[in-house]
Amino acid sequence: MQSNLPVPGRALAVAAHPDDVEFGCGGTLAKWAANGCEIFHLVCTDGSKGTWDLSQDPAELVVTRRDEQRAASVALGGKGEVIFLGWPDGELESGLRQRFEIAAWIRKIRPAVVLGHDPWKRYRLHPDHRNAGFLVTDGIVAARDPLFFPELGDLPHRPTTLLLFEADEADHLEDVSDFVDAKLAALLSHRSQLRSTMGIGEPSAPDDRNHPEVEEFRRRVVGRLADHGRGAGFAAAEAFKRIDDL
Ligand SMILES: [Zn+2]
């Protein structure tokens with residue numbers, strides 16, 4: 001198991017939905033941001049299906065989730081720089097149009113490290129996560145090879161490293177022991193997702209640090225990070241499949 005990349009100058013994290021990056025690599029982004037890295041989020045879908053409340057207006061939810069995602073970026077130590085591609089939630093395809101957009105942003109932002117969903121994770125059900133993963137791998141190829149998408153004006157760009165979160169076969173750890181609180185604060189910025197993904201029923205609960213449901217969520221997140229870190233002697237770690245041969 002490898003660990004702890006040198007802090008990149010710029011990192012781009014690509015997610016299917018608002019909140020995926022915070023679950024997958026929030027601690028790592030917070031650590032890098034605290035050490036001078038510029039962090040960027042790119043969210044492929046509009047997040048419009050992220051509710052259990054059937055009376056929720058989807059258009060309002062999209063606006064809310066964009067605000068929440070920007071707040072989460074700031075909670076990680078970023079500047080709230082989030083790119084929203086706006087594809088309909090639940091219908092993300094890994095096609096040429098989407099790949100073009102990802103490649104365009106990689107060429108524009110020119111990140112040293114790109115992070116994304118592992119598209120090869122076995123038994124993964126959600127198609128958006130699978131397709132967002134393939135868009136990252138395919139988008140990197142298109143961004144780095146000069147003859148792909150000649151209509152893109154920007155120069156080709158080859159990132160140094162790709163880190164895949166939710167990895168099927170993790171082989172790299174980032175020690176996030178000092179950044180657990182930042183990751184949790186960023187996760188809790190996604191207020192519209194408290195009930196459906198974090199098991200927190202009371203919307204104002206995150207304002208009360210001792211709220212039992214927030215404590216339970218915290219315990220779950222901390223437990224997972226501790227499991228990843230145990231073998232390497234880290235109190236908390238995020239695990240990735242690391243690809244340097246890009
Ligand atoms: Zn998701």
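How many cavities of 30 Å³ or more does the count come to? The count comes to one. This tour concerns a predicted model, and it proceeds from the zinc site to the pocket, then to the cavity and the cysteines.

**The zinc site**

Begin by selecting the zinc ion together with H17, D20 and H129. H17 contributes its ND1 atom, H129 its NE2 atom, and D20 appears twice in the list of donors through OD atoms. These protein donors lie 2.1 to 2.5 Å from the ion. Along the chain, the donors follow the spacing H-x2-D-x108-H.

Next, display the angles at the ion. For four tetrahedral donors the ideal angle is 109.5 degrees. Here the four donor atoms subtend angles of 55 to 132°, and the arrangement is therefore irregular.

Now colour two of the donor residues by accessibility. Are H17 and D20 buried or exposed? H17 has a relative accessibility of 7% and so counts as buried. D20 is likewise buried, because its relative accessible area is 7%, under the 20% limit.

**The largest pocket**

Keep D20 and H129 selected and add D19, F23 and E166; these five lie nearest the centre of the largest pocket. The pocket has a volume of about 610 Å³, and 29 residues line it. To see which elements surround it, select α1 (20–34), α5 (180–188), α6 (194–198), α7 (212–230) and β8 (237–243), each of which gives two or more residues to the lining. Of these, α7 gives the most, with four residues. Colouring the lining by class shows 10 nonpolar, 10 polar and nine charged residues.

**The largest cavity**

Move next to P18, T45, D46, G47, V62, R65, R66 and F84, the residues that line the largest cavity. The space inside amounts to about 40 Å³. Helix α2 (residues 58–75) supplies the largest share of this lining, namely three residues. By class, the lining consists of three nonpolar, two polar and three charged residues.

**The cysteines**

Finally, select the cysteines. How many disulfides does a search of the whole structure find? The search finds zero. C37 is in no disulfide, and the nearest cysteine sulfur, that of C25, is 11 Å away. C37 counts as buried because its relative accessibility is 6%.

Then centre the view on C44. Why does its sulfur form no bond with that of C25, the closest cysteine sulfur? The two sulfurs are 13 Å apart, which is too far for a bond. With a relative accessibility of 0%, C44 also counts as buried.

Technical notes: Residues are numbered from 1 along each chain as its sequence is written. This is a predicted model: local features need pLDDT of at least 70, side-chain atom pairs count only at pLDDT 80 or more; totals for chains, interfaces and linings use all residues. Side-chain values use heavy atoms; hydrogens and water are left out. Donors are N, O and S atoms within 2.8 Å of the metal (3.2 Å for Na, K and Ca); water is not among the atoms, so sites may look incomplete. Four donors count as tetrahedral if all angles lie between 85 and 135 degrees; four count as square planar and six as octahedral if opposite donors are over 155 degrees apart and all others between 65 and 115; anything else is irregular. Buried means under 20% relative accessible area, exposed over 50%, partly exposed in between (1.4 Å probe, protein chains only). A disulfide is a pair of cysteine sulfur atoms within 2.5 Å. On a 1 Å grid over the protein atoms alone, a cavity is a set of points where a 1.4 Å probe fits but cannot get out, and a pocket is an open set with protein on both sides within 12 Å along at least five of seven lines; lining residues have an atom within 4 Å of a point. Grid points are joined across faces, edges and corners, and a volume is the space filled by probe spheres set on the points. Ala, Val, Leu, Ile, Met, Phe, Trp, Tyr, Cys and Pro count as nonpolar, Asp, Glu, Lys and Arg as charged, and the others, Gly among them, as polar.
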